[in-house]
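Q: Please take a close look at how the helices of the second chain pack against one another, and set that packing beside the rest of the model.

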Amino acid sequence: MFGRLKRAVSDGVNSVTNSVTGATEGLIEVIEWRDYDPKVIVKRFPENGPADIKFGAQLIVRPNQAAVFFYQGQALDVFGAGTHTLETANLPLLMNIIKHVTGGHNIFSAEVFFVNQMVIDDMKWGTPNPIDLKDPDLGWVQLRAFGEFKVRVTDPKLFINEVVGGRRMYSAQEVRNFLMGSVRTKLNDLIGTTFESYGKIRSNTEDMAAAMKFKLREDFGKYGIELQDFFISDISVPEEIQEAFRMRAKMGALGISGPNAYTQFQASNAMLEAAKNPGTGGQAMSAGMGMGMGMMFPQMMQQSMGYPPQGGYPGYPPPGYPPPGYPPQGGYPPQGGYPPQQGYPPQQGQPPQGYPPQQGHPPQGQAPEGPPADPNQAKIAKLRELVEMGVLTQEEFEAKVAAIQG
Amino acid sequence: MEEVKDLRLDNRQGLGAKLEELVKKVPGFEGYLDRQKRRHADTVHREYLSKLLSSKKLEVQDIGGALLSGGGLKYMTELDSLSNGIDKVNNRIRSAGSAGGNFFSIQDIDTELLDRIYEYDLALLGEIESLDDKLGTLRSAAETNDNVNAAISGVKSVLNGLNSSLDGREKILKGLE
């Protein structure tokens with residue numbers, strides 16, 4: 001008897017090791033999942049399908065494992081951790097069937113599915129397709145999210161019947177793939193029904209992750225799986241919208257606000273860029289733009305900070321400023337109105353009639369009246385001012401003047 | 001359900017019974033079997049407590065789902081922490097030390113110690129059952145969306161009590177009390 005008990009069957013090598021002579025070849029007396037691997041969730045014993053198991057065989061189930069007995073494709077008895085002697089008393093369902101089939105012989109043909117009930121961690125999730133959200137500030141935005149979750153098989157019999165079927169092995173990766181559809185659907189649903197804005201999502205990520213646990217519970221539970229943890233690593237919007245957020249933050253830091261805030265901010269940015277690149281990139285046109293923006297900047301500063309001081313700066317404006325021919329005759333904005341009286345701002349997101357202009361910009365008939373008498377002279381004046389500001393050298397100035405006049 | 005009984009408790013037939021009769025003649029083995037049976041009884045009791053707690057967790061999750069449907073997103077983190085708290089107590093109960101001594105123990109079972117352990121186990125059962133009241137309060141609060149945080153705190157206080165009882169049980173088993 002003891003000699004026979006020594007004979008163990010290792011599912012790890014899927015072979016029968018008969019170390020004692022006289023033992024009946026092919027009968028299983030010890031059933032155990034030895035080569036435990038945390039990435040394997042279910043392993044069938046024997047791997048190749050049902051085998052003859054002897055009454056009185058030992059079933060060794062390790063902590064956080066469960067063993068499900070299958071007979072003729074049907075899941076019957078489930079064993080928890082411990083060493084079990086397979087007798088009629090602890091295989092009630094299986095034995096009732098076998099008695100009828102074999103007439104009570106002490107050998108039965110069955111297979112055992114070992115189920116790993118440890119927490120399966122590091123299950124990544126993500127949104128391959130963006131989730132649409134109607135944000136009150138941003139309009140329709142496309143969100144992308146990713147994170148990870150942890151699950152555990154809590155009902156081994158249900159899990160095998162509903163998910164694993166007859167496969168000899170089922171991995172953590174397969175579990176993840178199986179559950180991913182539910183995760184994405186519930187996330188879509190949660191965002192669509194619970195959050196009004198992207199900002200609210202960002203500020204409630206923890207609540208959102210907790211809510212996902214409650215939402216996914218039933219979806220997972222029906223397969224015998226329990227969601228242990230759900231983490232959201234990040235929820236993000238496309239890069240251009242992130243850039244808009246950054247810009248808004250910068251404007252806030254500079255104290256720029258109001259309906260023209262964006263224009264003012266862009267102008268100050270362009271001026272700063274021009275100052276960083278003296279003698280390059282700007283050339284005549286960008287120099288002119290920089291000048292225009294430069295003229296806006298003092299106004300911005302005054303609006304936001306009460307600056308410059310009353311009475312002006314000593315030595316400002318520099319000699320030769322404003323240039324001849326500026327402002328244009330008739331003043332700016334042009335008579336006739338800018339922006340146009342009708343059609344601006346556009347109603348319901350539609351461009352105003354006559355926009356875009358058919359022949360150049362601005363639309364004919366609404367162009368500022370009184371352009372400088374000599375546009376070249378105006379350009380030269382602006383360039384001179386850049387020389388005085390130190391943006392251009394005298395040589396660069398002369399070269400550009402020659403280019404304009406030539 | 002007579003045949004469902006585990007052979008480790010009522011091992012009067014089959015291979016196990018014969019083996020047991022044989023090894024009982026080995027000095028000290030009978031005492032080991034006694035401890036084995038007590039360990040098994042302890043395991044069965046803890047499994048029962050664990051199942052009870054699991055059912056309470058399901059209730060919390062039901063309440064969480066109902067609150068979320070009613071716009072109670074702000075309670076989700078707290079409710080999740082409640083659910084995790086139940087998990088923690090459950091895991092502690094499932095992995096708690098046995099009162100029956102270990103395999104290599106050469107001492108007889110200390111009946112006084114066992115009595116104290118069983119008192120703790122009974123107290124655990126009472127505390128778990130008292131969760132029903134607190135969960136009922138939480139369910140009512142969730143339905144009216146009123147005093148939800150207070151109701152959550154009520155459940156948490158019971159869980160704290162359970163953790164304290166488990167601490168006390170562990171100290172006895174470690175011989176610290």
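A: What follows starts with the helices of chain B and then turns to the core and to parts of chain A.

This is a predicted model, in which local features need pLDDT of at least 70 and side-chain atom pairs count only at pLDDT 80 or more, while totals for chains, interfaces and linings use all residues. Residues are numbered from 1 along each chain as its sequence is written, and chains are lettered from A, with ligands numbered from 1, in the order in which they are written.

Chain B has five helices and zero strands, where helices (H or I, at least four residues) and strands (E, at least two) are DSSP runs numbered from the N terminus. Of the 177 residues in chain B, 27% are buried, a term for residues with 20 or more other C-beta atoms within 10 Å of their own, as against exposed with 12 or fewer and partly exposed in between, the C-beta atoms being placed from the backbone. Among the contacts in chain B with a separation of 6 or more, 72% join residues 24 or more positions apart; a contact requires C-beta atoms, placed from the backbone, within 7 Å.

Helix α2 (residues 29-69) of chain B packs against helix α4 (residues 111-144) of chain B with the axes 10 Å apart and at an angle of about 10 degrees; axes are lines fitted to C-alpha atoms, for helices over the stretch in contact, and angles run from 0 to 180 degrees between N-to-C directions. The two helices, α2(B) and α4(B), are therefore roughly parallel, given that angles under 35 degrees count as roughly parallel, over 145 as roughly antiparallel, 65 to 115 as roughly perpendicular and the rest as oblique. On the α2(B) side the meeting residues include L49(B), L52(B), L53(B), V60(B) and I63(B), and on the α4(B) side they include L124(B), L125(B), I128(B), L131(B) and L135(B). By class, this contact of α2(B) with α4(B) holds 14 nonpolar, one polar and four charged residues, with Ala, Val, Leu, Ile, Met, Phe, Trp, Tyr, Cys and Pro taken as nonpolar, Asp, Glu, Lys and Arg as charged, and the others, Gly among them, as polar.

Helix α2(B) also packs against helix α3 (residues 76-94) of chain B, where the axes come within 9 Å and cross at roughly 170 degrees, which makes α2(B) roughly antiparallel to α3(B). The contact of α2(B) with α3(B) comprises 12 nonpolar, six polar and five charged residues.

The largest nonpolar core has 87 residues, and those with the most contacts inside it include V68(A), V112(A), L79(B) and V155(B); such a core is a set of buried Ala, Val, Leu, Ile, Met, Phe, Trp, Tyr and Cys residues joined through C-beta atoms within 7 Å. Helix α4(B) gives the most to this core, with nine residues.

Chain A, by contrast, contains 11 helices and 14 strands, and 26% of its 406 residues are buried. In chain A, α4(A) and helix α6 (residues 205-221) have axes that come within 10 Å and cross at roughly 130 degrees, so α4(A) and α6(A) are oblique to each other. The residues of this contact include L179(A), V183(A) and L187(A) of α4(A), and M208(A), M212(A) and L216(A) of α6(A). By class, the contact of α4(A) with α6(A) has nine nonpolar, one polar and three charged residues.

Technical notes:
Two residues are in contact if their C-beta atoms, placed from the backbone, lie within 7 Å.
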